[in-house]
Amino acid sequence: MSVWAVLVAAGRGERLGEDRPKAFARLGELPLLAEPLRRLDESSWVDEIVVVAPSEWEEPAILLAEEIGASKVSACVSGGATRTESVRAGVAEVPEDAAVIVVHDAARPLLPEDVLERVIAALGEGYDGAIPGLPIVDTVKRVRDGAVVETVSRDGLVFVQTPQAFVAPVLRAALTPLSDSTQSATDCAALVERNGGRVTVVAGDERLLKVTTRADLERVAAWL
């Protein structure tokens with residue numbers, strides 16, 4: 001079974017306050033992108049990798065892959081204006097005979113091998129997609145114009161993370177054609193769900209923190 005990973009690293013990351021895209025903010029001695037790229041490259045579950053880089057940052061991404069010895073990188077493409085466009089650009093580089101496509105956000109650099117195993121293995125149970133999630137432990141309220149209008153039950157709610165794994169033809173079909181609804185999707189599972197696909201949730205990991213702010217970056221660096 002051929003498993004390809006699409007590593008989405010095209011985010012701008014304005015809230016980090018950097019003069020460069022988020023994927024190239026420093027995490028330890030190397031750009032943030034190096035950590036998830038290395039982990040995917042070393043994973044026994046992944047055969048090939050496509051990196052989706054910010055526009056005009058393709059060459060630095062390729063050079064970084066060479067620097068860390070990421071030999072599974074087969075292509076590096078430019079991302080789009082939205083996450084969906086970036087994923088679509090990456091998936092376009094995956095060959096038609098691939099069985100599984102794993103999509104991971106570089107903004108979640110601490111990628112545990114066991115989470116990769118869980119999402120990929122779940123596809124063998126007949127699901128079209130598998131995503132990691134964590135239970136919501138805080139009280140959730142719906143707010144409008146600063147006022148609470150509803151307290152939402154936490155039953156059945158989870159925080160969703162990446163990596164997300166999909167049967168390759170199912171993800172391709174969900175990405176085509178692009179529409180306003182697909183453009184606004186915040187994860188690939190939403191696209192597959194809208195297209196009638198069956199998606200299961202497996203156990204996520206608290207280390208899969210999404211780097212959005214400087215504090216997030218410092219927290220992830222402390223975990224390395």
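Let me begin with a single residue, Glu 42, which is exposed, since its relative accessible area is 55%, and which will lead us into the charged pairs of helix H1. Before going further, I should say that what we are looking at is a predicted model, so please hear everything that follows with that in mind.

Glu 42 forms a salt bridge with Arg 38, where the closest N and O atoms are 3.0 Å apart, and because these two residues are 4 residues apart in helix H1, about one helical turn separates them. Arg 38 itself counts as partly exposed, because its relative accessibility is 29%. On Arg 38 we also find a salt bridge with Glu 35, and there the closest N and O atoms are 2.6 Å apart. Glu 35 and Arg 38 are 3 residues apart in H1, so here too the separation is about one helical turn. Is Glu 35 buried or exposed? With a relative accessibility of 13%, Glu 35 counts as buried, because the cut-off for that word is under 20%. As a general point, an α-helix has 3.6 residues a turn, so residues three or four places apart point the same way.

Helix H4 offers a further example, in which the side chains of Arg 118 and Asp 114 meet in a salt bridge, at 3.6 Å from N to O. Both residues lie in H4, 4 residues apart, which is about one turn of that helix. Arg 118 counts as partly exposed at 27% relative accessibility, and Asp 114 counts as partly exposed as well, at 33%. Returning to the earlier pairs, salt bridges with shared partners join Glu 35, Arg 38, Arg 39 and Glu 42 into one network. Across the whole structure, a search finds 10 salt bridges.

Let me turn now to the nonpolar interior. Which residues touch the most other members of the largest nonpolar core? They are Leu 33 and Leu 40, out of the 33 residues that this core contains. Two or more residues come from each of several elements, namely strands S1 (3–8), S4 (48–53) and S6 (100–105), together with helices H1 (34–42), H2 (58–68) and H4 (113–122). Of these, H4 gives the most to the core, with 5 residues. If we set aside the neighbours within four places in sequence, Leu 40 is in contact with Ala 5, Leu 7, Val 46, Ile 49, Lys 72, Leu 111 and Leu 116. Apart from this core lies another one, of 26 residues, including Ala 185, Ala 190, Leu 191 and Val 192.

Helix H5, which covers residues 168–175, has as its buried residues Ala 168, Leu 171, Arg 172, Ala 174 and Leu 175. These residues lie on the same side of H5, because the arc they cover around the axis is only 165°.

Finally, to the surface, where Val 158, Val 160 and Val 201 form a nonpolar patch, with about 200 Å² of accessible area together. Val 201 is found in strand S12, residues 199–203, and it counts as partly exposed because its relative accessibility is 43%.

Definitions and conventions. Residues are numbered from 1 along each chain as its sequence is written. This is a predicted model: local features need pLDDT of at least 70, side-chain atom pairs count only at pLDDT 80 or more; totals for chains, interfaces and linings use all residues. Side-chain values use heavy atoms; hydrogens and water are left out. Patches are made of residues with over 30% relative accessible area and no salt bridge: like charges are joined within 9 Å, nonpolar side chains (Val, Leu, Ile, Met, Phe, Trp, Tyr) within 5 Å. Accessible areas come from the Shrake-Rupley method with a 1.4 Å probe; for residues, only the protein chains shown count as cover. A salt bridge is a side-chain nitrogen of Lys or Arg within 4 Å of a carboxyl oxygen of Asp or Glu. Buried means under 20% relative accessible area, exposed over 50%, partly exposed in between (1.4 Å probe, protein chains only). A nonpolar core is a set of buried Ala, Val, Leu, Ile, Met, Phe, Trp, Tyr and Cys residues joined through side-chain atoms within 4.5 Å. Contact means heavy atoms within 4.5 Å. The arc is that of the directions from the helix axis to the C-beta atoms.
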